[in-house]
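The exercises below invite you to read a protein model step by step, with the sequence and the structure side by side. Try each task on your own before turning to its solution.

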Amino acid sequence: RSSDLLDQCVNIIPVIAKADTLTLEERDAFKARICEDIQFHGMNVYPSSIVPEDDDDAEINSKIESLLPFAVVGSEKEHKRGNKSVLGRQTKWGFIEVENKAHCEFPNLRDMLIKTHMQDLIETTDKVHYENFRHTRLQRQQMGESNI
């Protein structure tokens with residue numbers, strides 16, 4: 001299976017796109033099913049695939065893991081909301097703000113990627129995933145195989 005190889009090559013961060021198409025109950029059930037599938041297939045997802053360096057990192061990772069998979073809503077359109085302009089989408093039921101944590105988990109995903117885990121993602125990609133790839137490639141070259 002490709003998922004067996006995928007987590008050996010890249011950091012996996014599960015995301016539910018277009019989460020606004022689901023009710024809150026459907027979203028929670030879908031998140032639970034994804035978590036069950038991840039556990040059933042033994043996939044390593046980020047950040048649970050890393051060992052925290054200290055208690056602060058462990059606490060941050062625990063908060064992030066409780067949100068996985070991130071349910072996000074995307075929009076490139078800016079709308080006037082009061083006296084400010086916000087990214088979001090107008091629906092029949094109301095307005096969904098991309099940056100509002102009550103509406104969407106995009107701010108949590110963005111904060112993880114850019115604020116709290118960027119350096120670790122870079123290091124994990126370089127020191128773990130690239131080195132695994134390089135090691136496998138060298139082994140196969142020694143055995144005379146040219147394809148990965």
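**Exercise 1. The hairpins**

How many residues lie between strand 3 and strand 4 in their hairpin, and which residue in the turn has a positive phi?

*Solution.* Keep in mind throughout that this is a predicted model. Begin with the pairing: strand 3, residues 78-81, runs antiparallel to strand 4, and the two are joined over four bridges. At the end of this pairing Arg-81 stands opposite Lys-84 of strand 4. The hairpin that the two strands form has two residues between them, and Gly-82, which sits in the turn, has a positive phi of about 70°.

Now follow the chain onward, since strand 4 (residues 84-91) also pairs with strand 5 (residues 94-97), again in the antiparallel sense and over four bridges. In this second pairing Gln-90 has Phe-95 as its bridge partner in strand 5, while Thr-91 stands opposite Gly-94. Strand 4 and strand 5 likewise form a hairpin, with two residues between them.

**Exercise 2. A residue in helix 4**

Decide whether Asn-108 is buried or exposed, and find which residues it touches beyond its neighbours in sequence.

*Solution.* First place the residue: Asn-108 belongs to helix 4, which spans residues 106-116. Next take its relative accessibility, which is 18%; because buried means under 20%, Asn-108 counts as buried. Then look for partners: once residues up to four places away in sequence are set aside, Asn-108 touches Leu-67, Phe-70 and Lys-101. Finally, widen the view to the helix, whose buried residues are Pro-107, Asn-108, Leu-109, Asp-111 and Met-112. These buried residues of helix 4 pack against strand 1, helix 3, strand 2 and helix 5.

**Exercise 3. A lysine and a threonine**

Work out whether Lys-31 is buried or exposed, and then do the corresponding task for Thr-124.

*Solution.* Lys-31 is found in helix 2, and its relative accessibility of 11% places it among residues that count as buried. Leaving out neighbours within four places in sequence, its contacts are Ile-16, Leu-67, Pro-69, Ala-71 and Glu-105. The C-alpha atom of Lys-31 is separated by 8.4 Å from that of Phe-70, although the two residues are 39 residues apart along the chain.

Thr-124 is part of helix 5, residues 118-142, and at 9% relative accessibility Thr-124 also counts as buried. Here the C-alpha atom to look for is that of Asn-11, which is 113 residues away along the chain but separated from the C-alpha of Thr-124 by 7.8 Å.

**Exercise 4. Backbone details in the loops**

Find which residues are joined by the cis peptide bonds that lead into Pro-47 and Pro-69, and then examine phi of Lys-18.

*Solution.* Start with Pro-47, in the loop between helix 2 (24-41) and helix 3 (55-67): a cis peptide bond joins Tyr-46 to Pro-47, with omega about 5°. Go on to Pro-69, in the loop between helix 3 and strand 2 (70-71), where the peptide bond from Leu-68 is cis and omega is near -15°.

Lys-18 lies in the loop between strand 1 (15-16) and helix 2. Its phi is near 50°, which is a positive value in a residue other than glycine. With a relative accessible area of 58%, Lys-18 is exposed.

**Exercise 5. The largest pocket**

Describe the volume of the largest pocket and the classes of residue in its lining.

*Solution.* The volume of the largest pocket is about 430 Å³. Its lining is made of 15 residues, of which Ala-19, Asp-20, Leu-22, Ile-96 and His-103 are the closest to the centre. Helix 2 and strand 5 are the elements that give two or more residues to this lining, and strand 5 supplies the largest share, three residues. Sorted by class, the lining has eight nonpolar, five polar and two charged residues.

**Exercise 6. The cysteines**

How many disulfides does the structure hold, and why does Cys-35 not form a bond with the closest cysteine?

*Solution.* The count is zero disulfides. For Cys-35, the closest cysteine sulfur is in Cys-104, and because it is 17 Å away, it is too far for a bond. As for accessibility, Cys-35 counts as partly exposed at 33%, and Cys-9 counts as partly exposed at 46%.

Notes
Residues are numbered from 1 along each chain as its sequence is written. This is a predicted model: local features need pLDDT of at least 70, side-chain atom pairs count only at pLDDT 80 or more; totals for chains, interfaces and linings use all residues. Side-chain values use heavy atoms; hydrogens and water are left out. Buried means under 20% relative accessible area, exposed over 50%, partly exposed in between (1.4 Å probe, protein chains only). Contact means heavy atoms within 4.5 Å. Two strands pair if DSSP finds at least two bridges between them. On a 1 Å grid over the protein atoms alone, a cavity is a set of points where a 1.4 Å probe fits but cannot get out, and a pocket is an open set with protein on both sides within 12 Å along at least five of seven lines; lining residues have an atom within 4 Å of a point. Grid points are joined across faces, edges and corners, and a volume is the space filled by probe spheres set on the points. Ala, Val, Leu, Ile, Met, Phe, Trp, Tyr, Cys and Pro count as nonpolar, Asp, Glu, Lys and Arg as charged, and the others, Gly among them, as polar. A disulfide is a pair of cysteine sulfur atoms within 2.5 Å.
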